[in-house]
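Reader: Could you walk me through this model, starting with its side-chain contacts?

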Amino acid sequence: MTLWQIIILASIGCLVLKLAGYLVPPSLLTKPAPARIADLLTVALLAALIAVQTLGAGQAIVFDARIPAVLVAVVLFALRVPFIVVVIAAAGVAAAIRALV
């Protein structure tokens, strides 16, 4: 199977999954347990994405300038600093560490 065939099959699978979501009855979504699971699943997926993008490099786990940059971003978000300032500060921290090492 070529890469394009895999991409097309994955795209079709995503479309089918999205269309299947429309078949879920609205009464199921108003119950507390499914709503709570959906909220927690969103946070878990976002946390996993951040961890993979911060620590991953191919098949290896890498500890580099991205970790302090993410920690700076977390602290600034906790202090409710505007998003653009968080991005600039985190990029500055990563650039400074890479320049020094």
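Reader: Happy to dive in! Which residues does Leu76 touch, not counting those up to four places away in sequence?
Author: This is a predicted model, where local features need pLDDT of at least 70, side-chain atom pairs count only at pLDDT 80 or more, and totals for chains, interfaces and linings use all residues. Residues are numbered from 1 along each chain as its sequence is written, and side-chain values use heavy atoms, leaving out hydrogens and water. With contact taken as heavy atoms within 4.5 Å, and residues up to four places away in sequence set aside, the partners of Leu76 are Val81, Val86 and Ala89.

Reader: Nice. Which elements give two or more residues to the largest nonpolar core?
Author: Such a core is a set of buried (under 20% relative accessible area, 1.4 Å probe, protein chains only) Ala, Val, Leu, Ile, Met, Phe, Trp, Tyr and Cys residues joined through side-chain atoms within 4.5 Å. The largest one has 7 residues: Ala65, Ala69, Ala73, Leu76, Val86, Ala90 and Ala94. Taking helices as DSSP runs of H or I with at least four residues, the elements giving two or more of its residues are α4 (66-78) and α5 (83-100).

Reader: Why is the pair of Phe77 and Phe83 stacked?
Author: Rings of Phe, Tyr and Trp (its six-membered ring) pair if their centres lie within 6.5 Å, and planes under 30 degrees apart count as stacked, over 60 as edge-to-face and the rest as tilted. The ring centres of Phe77 and Phe83 are 6.1 Å apart, and the pair is stacked because the planes meet at 25°.

Methods:
Buried means under 20% relative accessible area, exposed over 50%, partly exposed in between (1.4 Å probe, protein chains only).
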